[in-house]
Amino acid sequence: MNELLTTIEFMAVSLAPAELEKILKSAGPQHFGVVTATDGLSLKIEGLAGYASLGDTIMIKTGAGRDVRVKIVAMDGDKATGFAYDSLTGASVGDIAVLDRAGGDVMPCEDWIGKIVDPFGNAMDGGALANGDTPVALEHPAPNAALRKTLGERLQTGLGVLDTLLPICRGQRIGLFAGSGVGKSSLLGEIANGVDCDVAIVAMIGERGREVRGFVEEVLGPEGMKKTIIVASTADQSPLAKKRGAHVAMAAAEYFRNKGKQVLLLFDSLTRYAEAHREIALSAGEAPSLHAFPPSTFRTIASLVERSGPGEETQGDITAVFSVLVAGSDHDEPVADMIRGILDGHIVLERAIAERGRFPAIDVSRSVSRSLPRAASEAENLLLREARAILRAYEDSETIVRAGLYAHGADAQIDRALEIWPKLDAFISEKSPEGVAASFEKLNRAIHGRRGSSSASANALS
């Protein structure tokens with residue numbers, strides 16, 4: 001007995017807290033169950049009642065000689081339903097199921113910066129990856145709303161339209177709504193390179209495998225990767241791996257926020273996360289609802305999104321951009337519709353704008369930042385309202401103008417919109433690395449044609 005105590009005391013002194021905790025978790029008695037059924041996507045496991053609980057990790061010892069890691073997603077009496085992180089090929093009825101209490105741990109740290117990480121916290125390039133000292137819970141409630149800060153200062157993005165018409169403030173959560181092939185990834189990359197932050201975390205959930213390396217080499221580049229962690233769970237991986245990848249990215253963002261750092265989280269995409277949840281929930285027996293999404297989808301998305309945003313007074317913030325894929329460019333489809341209500345604004349990318357060659361293909365009239373009007377001065381807000389009024393007047397009259405039914409001089413507002421719209425359209429595509437003040441100056445020149453206009457909006461630039 002004394003020898004055992006001496007050994008434990010030695011381990012406590014010589015091992016890192018995380019290593020010791022992992023050993024202690026696995027040092028107790030092991031609990032075994034047996035696979036009683038499988039449908040190729042999920043497993044039914046018996047024999048772990050009283051030991052296993054929802055969210056626990058189970059290792060399946062298959063007769064084919066490979067271990068399959070599964071997560072318990074539902075329980076009914078002595079029967080547990082497990083969803084696999086990987087393929088269930090080789091699993092069969094009668095396989096042994098072992099409860100792995102330490103299997104769900106993840107430990108982000110500074111060494112993750114500059115790396116591509118998989119849903120289990122491993123380096124995807126095959127190199128060694130250090131882990132932190134403290135395991136981080138992947139799923140937990142959002143911070144107490146009463147203790148969180150309000151949105152911080154307006155961020156410089158390097159893009160004129162986001163510095164002015166659609167500002168992003170520190171701690172804001174904004175959605176990027178787009179169909180496929182309209183420049184979503186490129187815009188995310190420009191935001192990653194343009195926004196000043198301590199750490200940028202890019203969650204690539206359900207994307208094509210080739211896009212991961214392409215985003216690193218072509219979009220971010222070596223300079224961008226110096227402050228970036230990419231958490232990737234590609235389209236070929238299981239729904240459970242995709243959900244875990246999303247939670248690992250959020251947990252890493254929270255880890256750095258809690259250390260007082262300013263974090264930029266780029267999440268691509270929230271739609272794939274919702275689809276992964278749908279597949280898991282339906283397999284667990286939840287009833288389908290609108291477009292087969294179960295009722296728990298909204299709560300699951302909201303729980304994830306709410307974990308981002310401002311921290312408490314002594315913490316940093318997570319400024320988050322969540323991309324949302326809109327099937328067939330239908331911005332009212334269920335996932336897009338439910339997500340709009342839980343974010344602090346949305347940026348809409350329009351296919352028709354991309355097809356005429358203007359990038360970023362942002363439809364300003366359909367986009368909104370809920371940081372306004374607070375994020376801008378009174379004079380700046382006057383200029384922004386004027387710009388939006390011109391864009392709306394042009395869009396409302398575009399059809400009759402193109403049809404040749406409008407005569408110049410019939411309406412002064414339309415005449416002005418036709419004159420200024422090309423300059424505004426060009427401004428929306430402009431990069432503006434000089435900062436927010438320079439972006440407002442460019443917007444003022446686009447509308448009034450010269451610097452120092454007598455309009456009240458020019459006061460914003462003085």
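**Exercise 1. Is Ile-116 buried, partly exposed or exposed?**

Solution. This is a predicted model, so every value here is computed from predicted coordinates.

- Step 1. Locate the residue. Ile-116 sits in strand S7, residues 116–117.
- Step 2. Read its relative accessibility, which is 24%.
- Step 3. Apply the cut-offs. Buried means under 20%, and exposed means over 50%. Ile-116 therefore counts as partly exposed.
- Step 4. List its partners, leaving out residues up to four places away in sequence. Ile-116 touches Asn-122, Ala-123, Met-124, Val-212, Val-216, Ile-230 and Ala-232.
- Step 5. Take one partner, Ala-232. Ile-116 and Ala-232 are 116 residues apart along the chain, yet their C-alpha atoms are separated by 7.0 Å.

**Exercise 2. Classify Thr-89, Ala-235 and Ala-145 as buried, partly exposed or exposed, and place each one in the chain.**

Solution. Take the residues in turn.

- Thr-89 belongs to the loop between strand S5 (79–84) and strand S6 (96–100). Its relative accessible area is 57%, so Thr-89 is exposed. Its C-alpha atom lies 9.1 Å from that of Thr-62, a residue 27 places away along the chain.
- Ala-235 belongs to the loop between strand S10 (228–233) and H6. Its relative accessibility is 43%, so Ala-235 counts as partly exposed. Beyond four places in sequence, Ala-235 is in contact with Gly-206, Glu-207 and Lys-242. C-alpha to C-alpha, Ala-235 and Arg-208 are 5.6 Å apart, with their positions 27 residues apart in sequence.
- Ala-145 belongs to the loop between S7 and helix H3 (160–163). Its relative accessibility is 65%, so Ala-145 counts as exposed. Ala-145 and Gly-311 are 166 residues apart in sequence and 9.5 Å apart in space, C-alpha to C-alpha.

**Exercise 3. How do the axes of helices H4 and H5 cross, and which residues make the contact?**

Solution.

- Step 1. Find the helices. H4 covers residues 184–194 and H5 covers residues 209–225.
- Step 2. Compare the axes. They come within 10 Å and cross at roughly 5°.
- Step 3. Name the arrangement. Angles under 35 degrees count as roughly parallel. That makes H4 roughly parallel to H5.
- Step 4. Name the residues. H4 supplies Ser-185, Gly-189, Ala-192 and Asn-193, while H5 supplies Phe-215, Val-219, Leu-220 and Gly-224.
- Step 5. Sort them. Four are nonpolar, four are polar and none is charged.

**Exercise 4. How many residues does the largest nonpolar core have, and which have the most contacts inside it?**

Solution.

- Step 1. Recall the background. Nonpolar side chains tend to be buried together in soluble globular proteins.
- Step 2. Give the count. The largest nonpolar core has 55 residues. Leu-162, Ile-230 and Ile-362 have the most contacts inside it.
- Step 3. Find the main contributor. Helix H11 (residues 378–402) gives the largest share, seven residues.
- Step 4. Look around Leu-162. Past its neighbours within four places in sequence, Leu-162 is in contact with Thr-157, Pro-167, Ile-168, Ile-191, Ile-347 and Ile-362.
- Step 5. Look elsewhere. Another core, of 46 residues, lies apart from this one and includes Ile-205, Leu-304, Val-305 and Met-338.

**Exercise 5. Which residues of helix H8 are buried, and what covers them?**

Solution.

- Step 1. H8 runs over residues 296–306. Its buried residues are Ser-296, Thr-297, Thr-300, Ile-301, Ala-302, Leu-304 and Val-305.
- Step 2. The cover includes strand S8 (173–178), helix H6 (239–258), S11, H7, strand S13 (317–325) and helix H9 (334–340).

**Exercise 6. Where are the cis peptide bonds between Asp-268 and Ser-269 and between Phe-359 and Pro-360?**

Solution.

- Asp-268 and Ser-269 are joined by a cis peptide bond with omega of about 10°. Ser-269 is in the loop between strand S11 (262–268) and helix H7 (270–283).
- Phe-359 and Pro-360 are also joined by a cis peptide bond, with omega of about -5°. Pro-360 is in the loop between helix H10 (351–355) and strand S15 (368–369).

**Exercise 7. Count the disulfides and summarise the chain.**

Solution.

- Step 1. A disulfide needs two cysteine sulfur atoms within 2.5 Å. The count comes to zero.
- Step 2. Check two cysteines. Cys-109 counts as buried at 10% relative accessibility. Cys-169 counts as buried at 1%.
- Step 3. Step back. The protein chain has 13 helices and 15 strands. Of its 462 residues, 52% count as buried.
- Step 4. Consider contacts with a separation of 6 or more. Residues 24 or more positions apart account for 69% of them.

Terms used
Residues are numbered from 1 along each chain as its sequence is written. This is a predicted model: local features need pLDDT of at least 70, side-chain atom pairs count only at pLDDT 80 or more; totals for chains, interfaces and linings use all residues. Side-chain values use heavy atoms; hydrogens and water are left out. Buried means under 20% relative accessible area, exposed over 50%, partly exposed in between (1.4 Å probe, protein chains only). Axes are lines fitted to C-alpha atoms, for helices over the stretch in contact, and angles run from 0 to 180 degrees between N-to-C directions. Helices (H or I, at least four residues) and strands (E, at least two) are DSSP runs, numbered from the N terminus. Angles under 35 degrees count as roughly parallel, over 145 as roughly antiparallel, 65 to 115 as roughly perpendicular and the rest as oblique. Contact means heavy atoms within 4.5 Å. Ala, Val, Leu, Ile, Met, Phe, Trp, Tyr, Cys and Pro count as nonpolar, Asp, Glu, Lys and Arg as charged, and the others, Gly among them, as polar. A nonpolar core is a set of buried Ala, Val, Leu, Ile, Met, Phe, Trp, Tyr and Cys residues joined through side-chain atoms within 4.5 Å.
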